[in-house]
Amino acid sequence: MSTPGSRKRPKGATNDDAAAATFTIRHQPNRAVKRPRLPDPVPRFPPEIWEYIFRYVSEPRHLLRLRLVCQCWRDVIAGSPTLMGRFNVRLVGDKRTNRDRIDGAFVPVGLPPLVVKVTLRKYSILTVDGWWADVGLKLRELRLESCKVALGVLYGMLRAAPNLKVLVLDSVRLSGMDEPDFQLGRMESLTVCHASYEGKVWRDCLAGFERVFPRLEELTLNTGFDPAQTDILHAIRTLQATLKHLDLPRKFSGAAFLAELCGMQQLRLKSITLENFPAEVDQWTRFCRMQPQLEMLTVTVNNSQLLTATGQLLPRLKSLSLTVIGPLDTSFLATMPALESLAIDGQYQNLSFHGQSCPNLLHFTLSDVQTRDVLHFLQRSPKLERLALDDCQLGFPVSIATPFTNLRHLTLNGIQCPNAVMCNILRNCSRLEQLHLAWLKYLDDGVLLLKVGQYPSPSCTDSYGTPPVTSEYPRTVPDEGFDARQQCNTMVTFPASIRIVLEELADDSGRVVDVFRLESKVPGSASGTWS
């Protein structure tokens, strides 16, 4: 009997003939059936749109479930500091209630299922046995603020966090003589500010940190260390192959320190902070030639010639933060066409921006400066997205020919200028997403009325987190029958999604006054808050 897939033997054929014959069985592959393509269950939006949508997810556990949908959503959530901030834990000790000790009986309450950042403030940390083992495995950032901890306990916390990337020690009191016997190969950033050692015998609490964090990329140190007792240069020399960002206090800067950095052939910095800017142009020129990839620079300076040389030697410079200690000529800006972020603390100097421009400027911060032409300078920065003016005197009214169409965040804090200047600024910022007003004592709703657009209503709070003004939370208007429309010289309309923050605004006598009335086109919707 023939079997399926075999051929029937011809009549009269022998077994030998069957052995010699070769019968080929041809298998016909099944033809692929064309199926209709199903629509993608996840719309293909840009990552920025998904991040904006996910911000409305309030529960961290829901974000965890969204991370499992697809790789795109996982990358969007993981790459957003705002969304990942939902998995942050901040614990603050209270000495008045004897809740300022972390010992074997300490159990934190309300921990989310995933913790990526932990901040401990005002605690005496004796041990973290128990709860820390589960938290440390997935921890990415650890901050200790105003805490007291022994080195042995600190090393135990770090040893239990193998994936840690960021460590911040702020105003921490250390003790003990323990030595580290482990490495954290994923650590990227170390910040130590105002740390102190309480042992009977002085011990360099930073000794050997380059061995514990062999691939450190960012190092930030503040006051509290003596260069004679802390060999920072040895650590930088050891980490020069991976170090990218360096922020050191005045004690560790200067001519001798800069000369040592120039001798490190593998050092390739992207940002550096120098509180003591070198006075010699030749030395600074040598350093810039050794570090042509610098993108961020923070300096204290009063020498425009050095800044001009900086712009010519650092073509990739994108961020510049200056503390001015004397008269300064801003002509150096012409040598920095790629600049995207500029911050100037003028120390109450008079600065002129006449004829200057930054075509690629995105962020601009001006503090403690007297100036008459900064608005004209900003008009020549069409890409500007963030603007902050802090304790500045802006001079006489000026006309703004071109609106700030890309400006999204505006902060006005304690500026002194005619009301016409203030109205002119706000009138040309109609696409703001956040407006922060503080200590504007010359401006009230008789001068300016801020009007918001259609539903949903704006998110508006004051410096104390006061809820918005609704029928449930009424506020009394200072003068009954006050008609803002009749006394208002300027009305500015903002998008309904704008977030407005009002802080204390005081008159010359120091009395806190009510300013700004926010209105909505939709009856019954939230209309803002009084400052």
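At 60% relative accessibility, Tyr-348 counts as exposed, where exposed means over 50% relative accessible area, buried under 20% and partly exposed in between (1.4 Å probe, protein chains only). The model is predicted, so local features need pLDDT of at least 70 and side-chain atom pairs count only at pLDDT 80 or more, while totals for chains, interfaces and linings use all residues. Residues are numbered from 1 along each chain as its sequence is written, and side-chain values use heavy atoms, with hydrogens and water left out.

Tyr-348 belongs to strand 16 (residues 341–350), strands and helices being DSSP runs numbered from the N terminus (helices H or I, at least four residues; strands E, at least two). Its backbone is worth a look, for Tyr-348 has a positive phi of about 65° although it is not a glycine. His-194 likewise has a positive phi, of about 55°, and is not a glycine. This histidine sits in the loop between strand 9 (189–193) and strand 10, and with a relative accessible area of 42% His-194 is partly exposed. Most residues other than glycine have a negative phi.

Turning to the chain as a whole, the model contains 15 helices and 25 strands. Of its 531 residues, 44% count as buried. Contacts (heavy atoms within 4.5 Å) between residues 24 or more positions apart make up 57% of those in the chain with a separation of 6 or more.

An open sheet of 5 strands follows the order 2-4-6-8-10, with parallel pairing; two strands pair if DSSP finds at least two bridges between them. Strand 2 (101–102) and strand 10 (196–197) stand at the edges with a single partner strand each, so one side of each is left without a neighbour in the sheet. Within this sheet, strand 4 (residues 124–125) and strand 6 (residues 148–150) run parallel and are joined by 2 bridges, with Ile-125 opposite Val-149 in strand 6. Helix 7 (residues 151–159) lies across strand 4, strand 6, strand 8 (173–175) and strand 10, and runs at about 85° to strand 6 (axes are lines fitted to C-alpha atoms, for helices over the stretch in contact, and angles run from 0 to 180 degrees between N-to-C directions).

Parallel pairing also involves strand 5 (residues 141–145). Because 4 of the 5 residues of strand 5 are buried, this strand is largely enclosed by the rest of the structure. Strand 3 (residues 117–121) pairs with strand 5 in the parallel sense over 5 bridges, and Arg-121 stands opposite Glu-145 in strand 5. Another 5 bridges join strand 5 to strand 7 (residues 166–170), again in parallel; here Arg-143 has Val-168 of strand 7 as its bridge partner. Strands of a sheet pair through backbone hydrogen bonds, either parallel or antiparallel.

The largest nonpolar core (a set of buried Ala, Val, Leu, Ile, Met, Phe, Trp, Tyr and Cys residues joined through side-chain atoms within 4.5 Å) has 118 residues, of which Ile-125, Leu-144 and Phe-364 touch the most other members. Helix 7 gives the largest share of this core, 6 residues. Domain 2 (88–252) and domain 3 (340–451 + 498–504) both contribute residues, so the core lies between them, the domain bounds coming from an automatic or database domain assignment. Apart from this core lies another, of 14 residues, among them Leu-64, Leu-83, Met-84 and Phe-87. Not counting residues up to four places away in sequence, the contacts of Leu-144 include Ile-125, Val-149, Leu-154 and Val-168. In soluble globular proteins, nonpolar side chains tend to be buried together.

Two further buried residues show how separate stretches of the chain meet. Leu-246, in strand 12 (residues 245–248), is buried at 2% relative accessibility. Beyond four places in sequence, Leu-246 touches Leu-219, Ile-236, Leu-261, Leu-269, Ser-271, Ile-272 and Thr-273. Lys-270 lies 24 residues from Leu-246 in sequence and 8.5 Å from it in space, C-alpha to C-alpha. Ser-381, in the loop between helix 13 (374–379) and strand 18 (386–390), is also buried, with a relative accessible area of 2%. With residues up to four places away set aside, Ser-381 touches Cys-358 and Leu-361.

Finally, the cysteines: with a disulfide defined as a pair of cysteine sulfur atoms within 2.5 Å, the count comes to 0 disulfides. For Cys-288, the closest cysteine sulfur, in Cys-262, is 8.9 Å away, too far for a bond. Cys-288 is buried, at a relative accessible area of 0%, and Cys-417 is buried as well, at 13%.
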